[in-house]
Structure formats: C-alpha cells, structure tokens
Amino acid sequence: MQAQAAFPGALTIRFLDVGQGDAVLITSPEGKSVLYDGGRSEPRLQTLLRQYEVQTLDLVAASHADADHITGLIPAVSLYKPRFFLNNGLAGTTQTWRKLVTAAQQAGTQGLVARDQIINLGSVKLTVLAPPPGMPGNEQNLNSVGLLVQYGAFRALMTGDSETPETAGWLKKYPASTLGPIDVYKSIHHGAANGDNTTWLAAVRPRNVVVSVGPNNYGHPTATALNLYKSVGAVTWRTDQMGTVTITVQPSGAYTITTEKGRSAQGQATGAGVSPAPRPASMVPSPPASAVPSSVNYANCAAVRAAGKSPLLRGQPGYSTKLDRDGDGRACE
C-alpha cells in the first residue's frame with residue numbers, strides 16, 4: 001500500500017514498522033506531530049518519516065532509554081528540531097543515549113522530564129503518565145513514560161516497556177475511568193511475558209492491541225501476552241505480520257484501522273457522538289498536576305552536590321538556570 005501523509009481534519013496514529021522496537025507517530029487534525037519512541041534504526045526511522053511526509057515534529061518522547069526505543073529519535077531530532085524532548089529523567093548509559101542528548105542540544109530542543117501533566121496538541125490531549133513513586137532508579141523499564149491520547153471520545157494508550165510493578169503503581173494512582181476503556185492500546189514490551197497482566201488489562205479494557213515487534217530471539221510476542229489480549233476480547237494487530245498499523249480518527253469518534261499489508265477494520269470510540277471541543281492549535285505543556293515543592297533553592301552547585309541531587313534536571317525541584325551554565329537542562333553536571 002502506498003504511504004499517505006496524515007489525513008487533514010482527523011487524528012492519525014501510526015504504529016510504525018521499525019522491526020523489533022517501538023515508534024508511534026501521532027498527528028493532530030491541525031497537523032501537529034509527536035513521535036513517541038523511534039525504534040532501533042536511524043535509517044529506518046528517517047525513511048519512514050519521509051515516507052509519511054512528516055513536515056514538522058513538535059515533540060519527541062522516549063518511553064525510556066533502551067536502544068530499541070530511542071535510536072531513531074536521533075535523526076528525528078536532528079532533522080526536525082522539535083521544541084521538546086519528553087523523557088523519564090534517567091540518563092541512559094549507552095553511546096546511543098549520549099548521541100541523542102548531543103543531537104537534542106545541537107537542535108536547541110528542550111528537555112522535559114515526565115510529570116503528571118497534560119500537553120495540548122491542537123485539539124488532541126496528551127496525558128503524560130509519569131513513572132509512579134517507588135520505582136528503582138536503575139531500572140529503565142520500570143520507569144517507562146506512558147502517554148494517553150484523547151481526541152473527543154477516542155482514547156489510545158502507550159506505556160513503553162513497563163512491567164508489573166509500574167502498572168501496579170499506576171493502578172494505585174489513577175482511577176479506572178482514567179485508564180480505560182481504551183480504543184487502541186500498544187502492547188507493553190512487544191508482547192513480553194512480564195509486561196501486560198490480567199489486573200492491568202482489566203482496568204485498561206483495550207478494544208484493539210497493536211504489538212510493535214520484529215524478528216527477535218526473545219520470543220516476542222509471547223503466547224502469554226497474546227492469550228491475555230484474547231481473553232479480554234481485544235483484536236490484535238502485529239507490525240511484524242501487517243507492517244505499519246495506521247489509525248485514523250474522525251471528529252465524530254469513528255475510527256478506521258488499516259495496515260500496510262491490507263487488513264482493515266472500523267470502530268466507534270467510547271461515548272459515540274461526542275465531538276471534540278475546538279482548541280487552539282498550540283502545544284503548551286501544562287504545569288504538573290501534582291504539587292512540586294517550589295521552596296527548594298540551592299545557593300550553588302556545591303550545595304546541590306552536598307544534597308546528593310547532582311545533576312539537577314530542568315523541571316526538578318531546585319533547578320535554576322543560574323546553576324545550568326551551558327543551558328542544556330542539566331545543572332551542576
């Protein structure tokens with residue numbers, strides 16, 4: 001099927017076929033775009049962005065710092081110079097992570113540490129699911145950043161490579177009405193056995209599950225995950241078998257799912273007939289919903305280091321531009 005650009009006047013979500021990895025391109029009816037993860041191949045992602053005629057990226061987001069999620073973000077940042085780079089605030093330890101940070105600095109892209117906040121993408125609302133409290137700081141999967149996409153009555157949910165402790169944390173934090181039902185849901189961790197679980201899916205209640213997966217030695221997607229999706233009545237879509245999966249959502253809530261290899265289906269979002277209220281076509285992250293201590297002030301970097309808080313990332317309590325001499329969003333490095 002010949003690639004098409006985003007559909008004007010509709011929300012378009014593409015689960016890109018990047019092989020074994022995740023990359024989701026979200027384009028609002030106003031033409032604003034977000035790339036959530038970028039897969040593990042720079043050339044592959046670059047080709048796909050051009051294939052789908054992406055003109056601008058307003059935001060790139062890394063669910064976490066693993067290479068199969070962030071490698072493709074490097075050319076995305078270099079080519080499109082997005083305004084924001086949303087991430088979990090945990091620096092990766094790989095050369096790929098350092099290359100991505102360098103590309104973001106050169107592009108003038110501002111780091112945005114995930115907190116409970118809403119980002120308006122034109123008439124589309126993006127709710128950031130920050131890692132819940134108590135996740136170990138050395139576990140990238142357990143600090144995956146989730147993204148709830150809402151357009152009128154339509155809802156899609158992506159949660160990176162989360163594992164059961166993180167989904168359990170979200171279940172404590174969010175009411176069931178926030179999490180589900182979900183019209184289109186990205187399978188956790190490419191269908192790994194330690195991602196989706198019965199309790200979580202009972203809250204999410206997905207109608208369609210997209211498994212972003214390619215040839216791999218991990219056994220993804222596992223029979224455990226596929227049976228879970230079947231048990232909750234969800235229809236499963238796989239990028240390794242169907243290529244890129246595209247969801248097009250009309251203002252009425254009617255949506256169409258098509259795949260690169262020809263399979264298609266139609267659906268109606270929860271709360272059918274509810275039209276999205278027009279909103280300005282601007283992308284402005286809202287203040288964190290949860291209270292952030294504002295009284296934390298450090299006189300200098302020595303004080304920051306003494307408090308064991310170095311480096312301070314932009315958005316964290318105590319961060320200030322006077323401590324961030326190179327303006328890269330990391331103070332007292």
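Arg238 is a good place to start: with a relative accessibility of 16%, it counts as buried, where buried means under 20% relative accessible area, exposed over 50% and partly exposed in between (1.4 Å probe, protein chains only). Its side chain meets that of Asp240 in a salt bridge (2.8 Å, N to O), a salt bridge being a side-chain nitrogen of Lys or Arg within 4 Å of a carboxyl oxygen of Asp or Glu. Asp240, at 29% relative accessibility, counts as partly exposed. The structure is a predicted model, in which local features need pLDDT of at least 70 and side-chain atom pairs count only at pLDDT 80 or more, while totals for chains, interfaces and linings use all residues. Residues are numbered from 1 along each chain as its sequence is written, and side-chain values use heavy atoms, with hydrogens and water left out.

A search of the whole structure finds seven salt bridges. One of them joins the side chains of Asp22 and Lys186 (2.8 Å, N to O). Asp22 lies in the loop between β1 and β2 and Lys186 in strand β11 (residues 182-186), so the pair ties together parts that are 164 residues apart in sequence; here helices (H or I, at least four residues) and strands (E, at least two) are DSSP runs, numbered from the N terminus. Both partners, Asp22 and Lys186, are buried. Another salt bridge pairs Lys173 with Asp116, with the closest N and O atoms 2.9 Å apart. This pair also links distant parts of the chain, 57 residues apart: Lys173 sits in helix α5 (residues 164-173) and Asp116 in the loop between β6 (110-113) and β7 (117-121). Lys173 counts as partly exposed, at 33% relative accessibility, whereas Asp116 counts as buried, at 14%.

Asp22 deserves a second look. Its relative accessible area is 1%. Leaving aside neighbours within four places in sequence, Asp22 is in contact (heavy atoms within 4.5 Å) with residues including Asp37, Asp68, Asp161, Lys186 and His190. Asp68, one of these partners, lies in helix α2 (residues 67-70) and is buried as well, at 9% relative accessibility. With the same sequence neighbours left aside, the contacts of Asp68 include Gln20, Asp22, Gly39, Arg40 and His190. The C-alpha atoms of Asp68 and Gly39 are separated by 4.8 Å, although the two residues are 29 apart along the chain.

The nonpolar interior comes next. In soluble globular proteins, nonpolar side chains tend to be buried together. The largest nonpolar core (a set of buried Ala, Val, Leu, Ile, Met, Phe, Trp, Tyr and Cys residues joined through side-chain atoms within 4.5 Å) has 37 residues, of which Ile13, Ile26, Phe154 and Ile247 touch the most other members. Apart from it lies another core, of 26 residues, with Val18, Val54, Ile70 and Ala76 among them.

Finally, helix α1 (residues 42-51) packs against helix α3 (residues 73-80) at an angle of about 50 degrees, with the axes 8 Å apart. Axes are lines fitted to C-alpha atoms, for helices over the stretch in contact, and angles run from 0 to 180 degrees between N-to-C directions. That makes α1 oblique to α3, since angles under 35 degrees count as roughly parallel, over 145 as roughly antiparallel, 65 to 115 as roughly perpendicular and the rest as oblique. Leu45 and Leu49 of α1 are among the residues making the contact, as are Ile74 and Leu79 of α3.
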